[in-house]
Amino acid sequence: MKYLDFKNNDHMPILGLGTWKSEPGEVYYAVRQAIKIGYRHIDCAPTYGNEAEIGRALSDAIRDGDVTRKDLWITSKLANTNHRMQDVKPALEQTLRDLMLDYLDLYLIHWPVAMNPDKPDEFLSQEEVPLHETWTAMEKCLNIGLVHHIGVSNFNIEKLKEVTNGAQYKPELNQVEMHPFLPQKSLMDYCHANLIHMTAYSPLGSMDRSEEMKSQDEPILIEQPVIIDVAKKHQASPAQILISWSVHRNIAVIPKSTNETRMKANFEAMSISLDAEDMDKIDSLEGTYRFLNGEMWTGENSPYETSDLWEEKR
Ligand code: A2P
């Protein structure tokens, strides 16, 4: 396994298991199997609606001696409804109870968007709940040891600067959608220049999103001829090539699967070695598509705009 190194000498396995869209009823088995296969990094969030089931899997895996807590890297995220300063620690404590853990390895602000905890359909503006206040509350959680690292998700360069300004700690990681259609080169350059690690979500193209979240003419990443060509060359599957592409860019990657065979294949992608020619070929797909367009946070009743989320207009 390759790792991303943190300043305090902690190491995050570069490949993790994604759990967004992993159904309750399936995710217990998926996490138990993943740990048996060798996964040590599990990416979670309370908004995925499955943390309690993941918690039972982690607890049973530790009880049965499959793994120790120290060997695991568990990430979770602060929901939009808990951005007010007083809500951050209680939200984290609920996640810890659900995941049956004493601490998280990494806690991320899930989106740069705040919502009303009492009326979850109602937005709170950036003036009402400034991001730097949420960040200060995240820093407090770090200082008391409930989490070992803090970071963000879905942050563009401007938002990264906003939380970093005057902060005690910089975000150590930014998790964003990233795949060959959306390689996020300028954001990646900024993050790496500022020693911020990155994690790629939806690395396989997130085919199992609900139909309402998909547009009609959505391209299918794993069916792109360029990816299939490189896969044939390496006697690998397209999904394995997409995972390996991220690893070669030093970006953590969290493919979601609840299927044992596919989880195993995804894990084995770690042994694929892409060359410069493969990477150039894959680069030709750049700019084609963003799967999560952020519309759910930028509609008519929202004070947030697309520019609060992404650099590009797409
Ligand atoms: P499943 O859970 O049935 O394996 P993303 O990580 O981009 O969100 O993509 C998740 C989707 O990709 C899910 O539909 C998942 O299905 C599917 N998937 C995961 N691994 C593979 C693989 N190796 N080959 C094909 N599809 C995969």
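This passage describes the ligand site and the internal spaces of a predicted model.

The ligand sits in the largest pocket of the protein. Sixteen residues surround the ligand, and those that come nearest are Ser206, Lys256, Ser257, Arg262 and Asn266. Sorted by class, this shell contains seven polar, five nonpolar and four charged residues.

Polar contacts to oxygen atoms of the ligand involve both side-chain and backbone atoms of the protein. In the side chain of lysine 256, an N or O atom lies 2.7 Å from a ligand oxygen atom. Serine 206 takes part through its backbone, where a polar atom is 2.9 Å from an oxygen atom of the ligand. For lysine 21, a polar side-chain atom is found 3.0 Å from a ligand oxygen atom. Taken on its own, the ligand has 570 Å² of accessible area, of which the protein covers 85%.

The largest pocket holds about 880 Å³ of space. Its lining is made up of 41 residues, and Trp20, Lys21, Ser202, Ser206 and Asp208 are the ones nearest the pocket centre. Two elements, helix H8 (238-248) and helix H9 (260-268), each give two or more residues to this lining. The largest contribution is that of H9, which supplies three residues. The classes in the pocket lining are 20 nonpolar, 16 polar and five charged residues. Ser206 thus appears in two settings: Ser206 is among the residues that come nearest the ligand, and Ser206 is also one of those nearest the centre of the largest pocket. Lys21 likewise lies among the residues nearest the pocket centre and places a polar side-chain atom 3.0 Å from a ligand oxygen atom.

Apart from the pocket, enclosed spaces were examined. The count of cavities of 30 Å³ or more comes to two. The largest cavity has a volume of about 40 Å³. Eleven residues line the largest cavity, with Gln184, Leu187, Arg290, Leu309 and Trp310 nearest its centre. Its lining comprises five nonpolar, three polar and three charged residues.

The second largest cavity has a volume of about 30 Å³. Its lining is formed by His83, Pro112, Val113, Ala114, Gln126, Val129, Leu131 and Tyr304. Six of these lining residues are nonpolar and two are polar, while no charged residue is present. In the lining of the largest cavity, by contrast, three charged residues are found.

Definitions and conventions:
Residues are numbered from 1 along each chain as its sequence is written. This is a predicted model: local features need pLDDT of at least 70, side-chain atom pairs count only at pLDDT 80 or more; totals for chains, interfaces and linings use all residues. Side-chain values use heavy atoms; hydrogens and water are left out. A residue is near a molecule or strand if one of its heavy atoms lies within 4 Å of it. A polar contact is a pair of N or O atoms within 3.5 Å; within protein, one must be able to donate a hydrogen and the other to accept it, and residues adjacent in sequence count only if both atoms are side-chain atoms. Accessible areas come from the Shrake-Rupley method with a 1.4 Å probe; for residues, only the protein chains shown count as cover. On a 1 Å grid over the protein atoms alone, a cavity is a set of points where a 1.4 Å probe fits but cannot get out, and a pocket is an open set with protein on both sides within 12 Å along at least five of seven lines; lining residues have an atom within 4 Å of a point. A molecule sits in a cavity or pocket if more than half of its atoms lie within 2 Å of its grid points. Ala, Val, Leu, Ile, Met, Phe, Trp, Tyr, Cys and Pro count as nonpolar, Asp, Glu, Lys and Arg as charged, and the others, Gly among them, as polar. Grid points are joined across faces, edges and corners, and a volume is the space filled by probe spheres set on the points. Helices (H or I, at least four residues) and strands (E, at least two) are DSSP runs, numbered from the N terminus.
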